[in-house]
Amino acid sequence: MGRFLGYLGKRVLSYAAMVFIATSLTFFLASSFMDPRSNYESRTPRPPQESIERALDEANINDKTPIIERYGNWLYDVIFEGDFGLSPSGDSVNRAISSRIGASVKLLAISTVLSVVVGVSLGVYTAQHQYQWQDRFFSGMASLFMVIPTVVLAILVVFAAIWINDATGMRLFYVTGLSSYTGSDPIMAFIDFLQHVFLPSVVLTIVSAVGYHLGQRTYLLDEMNADYVRTARAKGLTRKKAIRKHALRSSLIPTAVSVAFSIASVFTGAVMTEKVFAIHGMGEYFINCIGTNDINGAVAVAAFSGVCTLIGALLADLFAAALDPRIKMN
């Protein structure tokens, strides 16, 4: 265990260094390509020049200030005050992100769990029925959903929900936002949340489950034909027991690693889905930052994404150690 913890500590330091470097590079790139000054100069009437310079200085995005000096100010505020700065409009980036992280987590945590369960289950099922009608049907459906763009799938789901609402004469599904209930009844609030989150969850579950399904099917088929599985069957184990006790565990390792690395997408992923369903999450915020020349906001999203990737990488190491008997935690 001590050796494994030491190894994990080294990985944490190396991952943290990579996150720091990646975030710093994002700051320099965003500062070089984004033009927040144009946000003020394009206004009608145009603000006084002194007002423009003061607003840019307050947000630490004045292109007349040397970029190294701006980077030093930004780094000091982030490290010692936990402050990612201001947007060109003067709003706090920390406040904007904190209100959107919750929306992304609510939306994507549900779909992530469902997509893993559905995708892995279908992958195991189709691998055990290779080339039979079950395998051909589900693999064909997976191939179909793989080529359909997410935004097209989301729009089709919206049209289907509207048709169901009209056919039943009831508003069973909401197609925008994550809530509309304003009362104090927790049961009604939960039902309202389910009515809002159902459609985007269906879209994201389908999109992600396709990858897990095809990946798990491939991994399990590789393991089923491995020598150690043949040896286990030669010693008397049935095909199902050999798959369950040996092949399945090994095939879950790459799937578990990919699930761990998907944590970053929980916070920054579903850009198009959030746009279609008007959900104000991190994906939508990142697109808005690019469109409004919000340097500090874009860098903050990159930093959070980097931290999420770091956590995912550590979880991937832990999952691999837990599932792979060849990795000794001592």
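The following paragraphs lead through the structure, from its overall architecture to its helix contacts, its nonpolar cores and several individual residues.

The model is a predicted one. Its secondary structure comprises 14 helices and zero strands, so that the pattern read along the sequence is α-α-α-α-α-α-α-α-α-α-α-α-α-α. Taken along the principal axes, the C-alpha atoms fill a box of roughly 85 × 65 × 40 Å. The protein has 330 residues, of which 40% count as buried. Among contacts with a separation of 6 or more, 71% are between residues 24 or more positions apart. One pair that illustrates proximity in space despite distance in sequence is Ser-14 and Leu-310: these residues are 296 apart in sequence, while their C-alpha atoms are 9.6 Å apart. Ser-14 belongs to helix 1, which covers residues 2-33. With a relative accessible area of 31%, Ser-14 is partly exposed.

Helix 5 offers a useful starting point for the packing of helices. This helix, residues 93-128, packs against helix 8 at an angle of about 35 degrees, and the two axes are 5 Å apart. The crossing of this pair is right-handed. The residues in the contact of helix 5 with helix 8 comprise 19 nonpolar, ten polar and two charged.

Helix 5 also packs against helix 13, here at an angle of about 145 degrees and with the axes 8 Å apart. On the side of helix 5, Val-93, Ala-96, Ile-97, Arg-100, Ile-101 and Ser-104 take part; on the side of helix 13 they meet Met-282, Gly-283, Glu-284, Tyr-285 and Asn-288. By class, six of the residues in this contact are nonpolar, three are polar and two are charged.

Helix 8, residues 186-224, has a further partner in helix 7, residues 150-168; their axes come within 10 Å and cross at roughly 140 degrees. The two helices are therefore oblique to each other, because angles count as roughly antiparallel when over 145 degrees. Helix 7 passes helix 8 in a right-handed crossing. Helix 7 contributes Thr-150, Leu-153, Ala-154, Val-157 and Ala-161 to the contact, and helix 8 contributes Leu-199, Val-203, Ile-206 and Val-207. Eight of these residues are nonpolar and one is polar, with no charged residue.

The nonpolar cores come next. In soluble globular proteins, nonpolar side chains tend to be buried together. The largest nonpolar core of this model holds 25 residues, and Trp-74, Phe-84, Val-93, Ile-97, Tyr-285, Ile-295 and Val-299 have the most contacts inside it. Two or more residues each come from helix 1, helix 3 (49-58), helix 4 (67-81), helix 5, helix 13 and helix 14 (295-323). Helix 14 gives the most, with six residues. Phe-84 shows the surroundings of one core member: beyond its neighbours within four places in sequence, Phe-84 is in contact with Trp-74, Val-78, Val-93, Asn-94, Asn-296, Ala-300, Ala-303 and Phe-304. Another core, of 18 residues, lies apart from this one and includes Ala-103, Ala-154, Phe-173 and Leu-199. Ala-154 and Leu-199 also appear in the contact between helix 7 and helix 8.

Several residues in the loops complete the description. Pro-45 is in the loop between helix 2 (37-41) and helix 3, and the peptide bond from Thr-44 to Pro-45 is cis, with omega near 0 degrees. In the loop between helix 3 and helix 4 is Thr-65. At 18% relative accessibility, Thr-65 counts as buried, because the cut-off for buried is under 20% relative accessible area. Not counting residues up to four places away in sequence, Thr-65 touches Asp-57 and Arg-70.

Two further loop residues have a positive phi although neither is a glycine. Ala-278, with a phi of about 50 degrees, lies in the loop between helix 12 (271-276) and helix 13. Asn-293, with a phi near 60 degrees, lies in the loop between helix 13 and helix 14. Ala-278 is partly exposed, with a relative accessible area of 31%, whereas Asn-293 is buried, with a relative accessible area of 15%.

Technical notes:
Residues are numbered from 1 along each chain as its sequence is written. This is a predicted model: local features need pLDDT of at least 70, side-chain atom pairs count only at pLDDT 80 or more; totals for chains, interfaces and linings use all residues. Side-chain values use heavy atoms; hydrogens and water are left out. Axes are lines fitted to C-alpha atoms, for helices over the stretch in contact, and angles run from 0 to 180 degrees between N-to-C directions. Helices (H or I, at least four residues) and strands (E, at least two) are DSSP runs, numbered from the N terminus. Angles under 35 degrees count as roughly parallel, over 145 as roughly antiparallel, 65 to 115 as roughly perpendicular and the rest as oblique. A crossing is left-handed if the near helix is turned anticlockwise from the far one by less than a right angle, and right-handed if clockwise. Contact means heavy atoms within 4.5 Å. Ala, Val, Leu, Ile, Met, Phe, Trp, Tyr, Cys and Pro count as nonpolar, Asp, Glu, Lys and Arg as charged, and the others, Gly among them, as polar. Buried means under 20% relative accessible area, exposed over 50%, partly exposed in between (1.4 Å probe, protein chains only). A nonpolar core is a set of buried Ala, Val, Leu, Ile, Met, Phe, Trp, Tyr and Cys residues joined through side-chain atoms within 4.5 Å.
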